[in-house]
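Reader: I would like to learn how to read the features of a model step by step, with the general idea ahead of the particular case. Could we begin with the cysteines?

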Amino acid sequence: MTLVKLIQLLKNDEQIVALLGGSHVYATPCTYRGNCIVYNWMPVTSDSVKTTDRLELNIITDTILDSAAIEDRVKELLLTLGDEPLDSEIRNVYLNGGGNLFDEERQKNHRILYFYILKKE
């Protein structure tokens, strides 16, 4: 359920929709060739009290400036501040790692971000 909540935040955000030219947020693998966000979800840890999952976002855009603007908005939506949870289930969201690459075939910039989500089990 956590993944659905986070992806809906991205898909329903007016700023992200405007920057992408539509609600183009897709699970990997994705065949869409335009500007979009492609995501992958994987479990990291679980101890019967809490779980940590990783949400990998690949922001695919025409320019680095477009991907930076989308990254800034995604961080505004997802990152938690201090001890304030995102909601009743998601206790903490932080960014840890990522990178950039340029896809010569598609002529697109990729901005990769790794968000870690701590939630109650």
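Author: A disulfide is a covalent bond between the sulfur atoms of two cysteines, and here a pair of cysteine sulfur atoms is counted as a disulfide if the two lie within 2.5 Å. The model is a predicted one, and a search of the whole structure finds zero disulfides.

Reader: How far from Cys 30 is the nearest cysteine sulfur?

Author: That sulfur belongs to Cys 36 and is 4.7 Å away, and Cys 30 is in no disulfide; Cys 36 is likewise in no disulfide, its nearest cysteine sulfur being that of Cys 30. As to their surroundings, Cys 30 is partly exposed, with a relative accessible area of 25%, whereas Cys 36 counts as buried at 0% relative accessibility.

Reader: How should I read the sheet, and in what order do the strands come?

Author: Strands of a sheet pair through backbone hydrogen bonds, either parallel or antiparallel. In this model five strands form an open sheet with mixed pairing, in the order 1-2-3-5-4. Strand 1 (25–27) and strand 4 are the edge strands, each pairing on one side only, and the twist from one strand to the next averages 25°. Strand 2 and strand 3 run antiparallel and are joined by ten bridges, with Ile 37 standing opposite Ile 59 in strand 3.

Reader: Which strands does helix 1 touch as it packs on the sheet, and which strands does helix 3 lie across?

Author: Helix 1 touches strand 1, strand 2, strand 3, strand 4 and strand 5, its direction making about 155° with that of strand 2. Helix 3 lies across strand 2, strand 3, strand 4 and strand 5, and runs at about 155° to strand 3.

Reader: How many residues does the largest nonpolar core have, and which element gives the most to this core?

Author: The largest nonpolar core has 20 residues, and those with the most contacts inside it include Leu 10, Ile 37, Leu 57 and Phe 115. Helix 1 (2–11), helix 2 (14–20) and strand 2 (36–46) are among the elements that each supply at least two residues of this core, while helix 3 gives the most, with four residues. Leaving aside neighbours within four places in sequence, Leu 10 is in contact with residues including Val 25, Leu 57 and Val 74.

Reader: Where is Arg 111 placed, and which side chains does a polar contact of 2.8 Å join?

Author: Arg 111 is in strand 5 (residues 108–120). The 2.8 Å polar contact joins the side chains of Arg 111 and Glu 71, and another polar contact, of 3.2 Å, joins the side chains of Arg 111 and Asn 100. Ser 67 is 44 residues from Arg 111 along the chain, yet their C-alpha atoms are separated by 6.4 Å.

Methods:
Residues numbered from 1 in each chain as written. Predicted model: local features only at pLDDT ≥ 70, side-chain atom pairs only at ≥ 80, totals over all residues. Heavy atoms only, no water. Polar contact = N/O pair within 3.5 Å; in protein donor to acceptor, adjacent residues only side chain to side chain. Buried < 20%, exposed > 50% of the residue type's maximum accessible area, 1.4 Å probe, protein only. Core = buried A, V, L, I, M, F, W, Y, C linked by side-chain atoms within 4.5 Å. Contact = heavy atoms within 4.5 Å. Pairing = 2+ DSSP bridges. Axes fitted to C-alpha atoms, helices over the stretch in contact; angles between N-to-C directions.
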